[in-house]
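Visitor: Could you take me on a close look at one part of this protein, the strands, and then show me how that part sits with the rest?

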Amino acid sequence: MAVETKCLTNGAIYNTVVTSQKVSVSVELPFKLEIGEEEAELLDALIHNQLELVLRPYFLRAEKEKTS
């Protein structure tokens, strides 16, 4: 279970779906996100990196199970 922390994104609505082969996350923002293409690419990369950190333990477990 995740440790409860202070909300850093007040007003954001997180929609998460987890199935056996897919993890999907979307966030509804309480404001219009007005960014250019370069900043959108950076945001994409940052989100990707954070999701990798969260998902990595499951990849490690799957790799371990393959070799067992």
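Guide: Start with Ile 13, which stands opposite Glu 28 in S2. This is a predicted model, so keep that in mind as we go. Ile 13 belongs to strand S1, which covers residues 13-18, while S2 covers residues 23-28. The two strands pair in the antiparallel sense, over six bridges. Another pair to pick out is Thr 16, whose bridge partner in S2 is Val 25. Between S1 and S2 there are four residues, and the two strands form a hairpin.

Stay with Val 25 for a moment, since it leads us outward. Val 25 helps make a nonpolar surface patch of about 960 Å². Its companions there include Tyr 14, Val 18, Val 23 and Val 27, along with Leu 29, Phe 31 and Leu 33, and also Leu 43, Ile 47 and Leu 51. Of these, Val 18 has its place in strand S1. S1, S2 and H1 are the elements that give two or more residues to this patch, so the hairpin strands share it with the helix.

Now for that helix. H1 runs over residues 37-67, and Glu 41 lies in it. Glu 41 also brings in a surface patch of another kind: together with Glu 37, Glu 38, Glu 39 and Asp 44, it gathers in a patch of negative charge.

Step back, and the secondary structure comes to one helix and two strands. Along the sequence, that reads as β-β-α. The protein is more spread out than a compact globule, because its radius of gyration is 16 Å, well over the 11 Å that the globule rule gives for 68 residues. Taken along the principal axes, the C-alpha atoms fill a box of roughly 50 × 30 × 20 Å.

How values were computed: Residues are numbered from 1 along each chain as its sequence is written. This is a predicted model: local features need pLDDT of at least 70, side-chain atom pairs count only at pLDDT 80 or more; totals for chains, interfaces and linings use all residues. Side-chain values use heavy atoms; hydrogens and water are left out. Patches are made of residues with over 30% relative accessible area and no salt bridge: like charges are joined within 9 Å, nonpolar side chains (Val, Leu, Ile, Met, Phe, Trp, Tyr) within 5 Å. Accessible areas come from the Shrake-Rupley method with a 1.4 Å probe; for residues, only the protein chains shown count as cover. A salt bridge is a side-chain nitrogen of Lys or Arg within 4 Å of a carboxyl oxygen of Asp or Glu. Lys and Arg count as positive and Asp and Glu as negative; His and the chain ends are not counted. The place of a charge is taken as NZ of Lys, CZ of Arg, CG of Asp or CD of Glu. Two strands pair if DSSP finds at least two bridges between them. The radius of gyration is taken over C-alpha atoms; the globule rule is 2.2 Å times the number of residues to the power 0.38.
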